[in-house]
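Q: Can you walk me through a few residues in this structure? Short answers are fine.

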Amino acid sequence: MVKRMGRILVLNMGMKSIRSIVFDQDGNKVADSFMPIETLLQEEKVTQNPREWWEKGCNVIAKTVEMAGSETIDYITVTASASCMVCVDKECEPLLPCMMVSDRRARKESGLLKKNGYFPEVYQKTGLDMDPYLMLPRVLWVKNNMPEIFEKTYKFLAPNDYLIVKLSGGCAVTDYINAQKWHYLIEEERYPTELIEDIGISDDKLPTVVSPGTFIGHISAKAADETGLSTKTKIIVSTYDAICSFIGSGISQFGEASDVSGTVTVFRTAFYDKPNKSSNKIQQIPFKEAGLYIVGGSNNMGGGLIEWTKQCYYQSESLPYELMEKDAKEAGVGAGGLIFLPYLMGERAPIWDCDARGVFFGLERIHTRKEMTRAIFESTGFINLDMIEAIEEIGGRVDTIRLSGGLARIGLMSQIKADITGRDVEVLEEFETTSSGAAIIALYGQKIYASLKEAAERFSRIRMNIKPNRKNHEEYQRLYGLYKETYRTLKPLFSKRIQIVNELLENKKDRIENL
């Protein structure tokens, strides 16, 4: 039974833009506005400016509030990338650019934490390795390399947490799913205090942990002035974007998986009982209130691969995406024997290798941009199959895959994913599953809906069903084996390359570019 409500506004900050969407309780999009966000790539550093988030966030919220008309916006929630760290002072102003998820500065600190005597117990309880992408290595990096910033820092926050602080006027909270990036012990409902204190960090510097769907206060008067929202609007905590996109995909039974391909690809499925095996390849995240475990992970580039392809080969074309699809189709299955490893910025799940880099393997004189583009397209399907194998290793099953995100707009890409994985693919009508998922979590938490399934039936609809081509699937099985063997063979060379490159570039000025 649906309780009556007005509307919910979702502030969704992705890697390339910040977006405000207003939904009504039937899942209809009432208003939508976005602005681009700049990401700076500077060798190992990948950063964004939190002040830019807030300024542009206020702008897009104000536009959607105006577009939505006079009807009340009852709730606001925020979703953004996880494993990104903002240092703020007591006035909740940022002290540094945000270290984004792909930032790799904390390699050394990651190694030190792995050797800490308290880590084995934390690892056993969380199943989470001490990867340099995670939050504790980043805090330790600040402590070791910028001690004056460390001392001034009042709270270390994720982007969700920072934007909620700004909206609420100082409430520093995070949800327990986001807090897992701190190696938060969800079952014990606490941070790993012994480990944190042993490395000289007080958990007072970390946000208070609450459940997804929790009401934490109303919009502050200052934020109301800047956004056009009412001070009666309730702030509801949801969680980070990858989990929201999974919920927004409307997965309702064992065997269904979601592929949300924006700048990165998020591939996850649901277990309704705790997996009986652990894995260092993929994450097992409990969503206690919904009675499920969200299993899978995110990589470093999904749609970002297509943007890179455009920059390399299609920058001067008037219709780059249409031409990319045409070229890839003409190249045919297997891209003329060309394999592409898509690890342009290292990789997270399921290989967790921050030294890995992109590779074209098998390049010949006959190959053109058509084959290169096709190989890049096919790599997105190989990524999915790699994730499916990791899920199956712990007793999972994937029968169908629900597609959303920007890549789902490319028909050939969707067919390639079906052919490579051998699974039926369902393309969703609403590509913005991250925003709709955040709305679902917030409204379910406020008991507007009795279940996630009830909410998903309103927000998630299938636009198209795609069946795999069995002949193509058989050919791709052989190519996938070559794809995997190429990575395994090159793996020891990636770390060697990093060492040599760092030595060669030690005295050179960093090159800065946008994502």
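A: We take three spots in turn, starting with some ground rules. This is a predicted model: local features need pLDDT of at least 70, side-chain atom pairs count only at pLDDT 80 or more, and totals for chains, interfaces and linings use all residues. Residues are numbered from 1 along each chain as its sequence is written, and side-chain values use heavy atoms, with hydrogens and water left out.

Q: Where is Ala-80 found?
A: Ala-80 is in strand β6, residues 73–80. Strands here are DSSP runs of E with at least two residues, and helices are runs of H or I with at least four, numbered from the N terminus.

Q: Is Ala-80 buried or exposed?
A: Ala-80 counts as buried because its relative accessibility is 0%. Buried means under 20% relative accessible area, exposed over 50%, and partly exposed in between (1.4 Å probe, protein chains only).

Q: What does Ala-80 touch?
A: Not counting residues up to four places away in sequence, Ala-80 touches Met-13, Pro-159, Asn-160, Thr-239, Tyr-240 and Asp-241. Contact means heavy atoms within 4.5 Å.

Q: And how are Ala-80 and Thr-239 placed, in the chain and in space?
A: They are 159 residues apart along the chain. Their C-alpha atoms are separated by 7.9 Å.

Q: New topic. Which helix holds Thr-380?
A: Thr-380 is in helix α13, residues 369–393. Thr-380 is buried, because its relative accessible area is 2%.

Q: Which residues are in contact with Thr-380?
A: Leaving aside neighbours within four places in sequence, they are Leu-305, Leu-407, Met-413 and Lys-417.

Q: Last one: is Leu-504 buried or exposed?
A: Leu-504 counts as exposed, because its relative accessibility is 59%. Leu-504 lies in helix α17, residues 470–504.
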